[in-house]
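I opened my notebook to go through this structure step by step, writing down what I looked up and what I found.

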Amino acid sequence: MPEGPELHLASLYVNKMCDGVVFSGPVIKSEVSKNPEVAFTCDSFRITATSRGKEVKLTLTPMKSDDDGKRRSKGGQADQHMDIVFRFGMSGYFRFTSEDEVPKHAHLRFYTKEKPRRVLSFVDTRRFGSWQPNGTWQPDRGPCIMFEYKSFRENVLSHLSDRAFDRPICEVLLNQKYFNGIGNYLRAEILYRLNIPPFVCARDALEGLELEDEFEDGKPVKDEITDTKTPERAKKKGMKREAGDVLRLCHTVPLEVVSLVGGKGYDPEKMDYSAFEAWLRCYYVDGMKSVRDHNGRTMWFKGDPGPMAPKGKYYT
């Protein structure tokens, strides 16, 4: 399932492919999709994208006319921009192709004004993805783990009394109210690096973390567990080392995925996952154990699963 890094890479892809491109006409939905129609049509408009956690927002902006500087509004055309918020489900992604090469499972399509036309498509083979015209970020999702780190950290640490944190840490990491952008592979990689058993109480794993993360400088930091220089660097700066800071890795590990050769592992045109697969240390890696958590999601880990593990057989 696409997670926070993939949603952000998708927004970067849209912005790169649509830069300077003029779109035109109505937005076309496939007949089989149960998602809503997008009631937007315009002679000339631009498309830009932004991401937040596990959501991507496309903004359709009508272009101004050349003669009077006013937005086009003839014939029922849009005179205001529209935001469409996407959630990718299990298999969603964007693809920009010629009109003859539109993928089979393209369920929402935006056509360019040029001839021959090109198409930006939302592709979703399993049809679990969704979009919402005139949408906004879902209010029950927490701050983005990657780009709203301070707010994300505050949101988690100020709600540790919530009953949600009675659950195992591996299950709480999938709670988008607090960990917006974390999914199955990220939780495995984060807990593996910190050597935290996946089925320990989330509150126990998070209590004691400081509200302010003095190590954070807005850029990915090296893995503290393997970076032998980190303790000395922290000592020189007069900072206390927090080797088990789950929240910090919830921020930095996804940023590592984004930086993988410019996101090569998730380029929808090349479908090359080699960089991503080489980066993985735990998720689907030989020698690791796995078990279904209490929600039926497969958790990959190494060593002791922890005291709250479901009863069952572990396998490698």
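**Entry 1: a buried threonine**

I began with threonine 97, which has a relative accessible area of 6% and therefore counts as buried, since the cut-off for buried is under 20%. I note here that the model I am reading is a predicted one. Looking up its place in the fold, I found threonine 97 in strand β6. I then listed its contacts, leaving aside neighbours within four places in sequence, and wrote down Val102, Pro103, Arg118 and Val119. One of these names came back when I turned to the strand pairing, because I wanted the bridge partner as well: in β8, the partner of threonine 97 is valine 119.

**Entry 2: the sheet around it**

Which strands make up the open sheet of four, and in what order? I read the order as β2-β7-β8-β6, and the pairing is antiparallel. At the edges are β2 and β6, each of which pairs on one side only. For β6 I looked up the pairing with strand β8, residues 118–124, and found seven bridges in the antiparallel sense. Helix α1 packs on this sheet, where it touches β6 and β8, and its direction makes about 15° with that of β6.

**Entry 3: the other edge**

At the β2 edge I picked isoleucine 28, which is found in this strand of residues 28–29. Is isoleucine 28 buried or partly exposed? With a relative accessible area of 28%, isoleucine 28 is partly exposed, because that value falls between the 20% and 50% cut-offs. Apart from neighbours within four places in sequence, isoleucine 28 is in contact with His107, Leu108, Arg109 and Tyr111. For histidine 107 I also noted the separation: the two residues are 79 apart in sequence, yet their C-alpha atoms are 8.1 Å apart in space.

**Entry 4: a sheet of five strands**

I next traced another open sheet, in which five strands follow the order β1-β3-β4-β5-β9 with antiparallel pairing. Its edge strands are β1 (23–26) and β9 (130–133), and each of them pairs on one side only. Neighbouring strands in this sheet are turned by 35° against each other on average, with direction ignored. At the β9 edge, strand β5 (residues 82–87) pairs with β9 in the antiparallel sense over four bridges, and there phenylalanine 86 has tryptophan 131 as its bridge partner in β9. I met helix α1 again here, as residues 4–18 of this helix lie across β1, β3 (41–52) and β4 (55–62), running at about 145° to β3.

**Entry 5: a patch on the surface**

Moving to the surface, I looked up a nonpolar patch formed by Met1, Met90 and Phe128, which together have about 290 Å² of accessible area. Methionine 90 lies in the loop between β5 and β6 (92–98). Its relative accessibility is 32%, so methionine 90 counts as partly exposed.

**Entry 6: the whole chain**

Last, I wrote down totals for the protein chain, which has eight helices and 11 strands. How much of the chain is buried? Buried residues make up 52% of its 316 residues. Among contacts between residues at least 6 apart in sequence, 67% join residues at least 24 apart. The chain exposes about 15900 Å², of which carbon and sulfur atoms supply 48%.

Key. Residues are numbered from 1 along each chain as its sequence is written. This is a predicted model: local features need pLDDT of at least 70, side-chain atom pairs count only at pLDDT 80 or more; totals for chains, interfaces and linings use all residues. Side-chain values use heavy atoms; hydrogens and water are left out. Two strands pair if DSSP finds at least two bridges between them. Helices (H or I, at least four residues) and strands (E, at least two) are DSSP runs, numbered from the N terminus. Axes are lines fitted to C-alpha atoms, for helices over the stretch in contact, and angles run from 0 to 180 degrees between N-to-C directions. Contact means heavy atoms within 4.5 Å. Patches are made of residues with over 30% relative accessible area and no salt bridge: like charges are joined within 9 Å, nonpolar side chains (Val, Leu, Ile, Met, Phe, Trp, Tyr) within 5 Å. Accessible areas come from the Shrake-Rupley method with a 1.4 Å probe; for residues, only the protein chains shown count as cover. A salt bridge is a side-chain nitrogen of Lys or Arg within 4 Å of a carboxyl oxygen of Asp or Glu. Buried means under 20% relative accessible area, exposed over 50%, partly exposed in between (1.4 Å probe, protein chains only).
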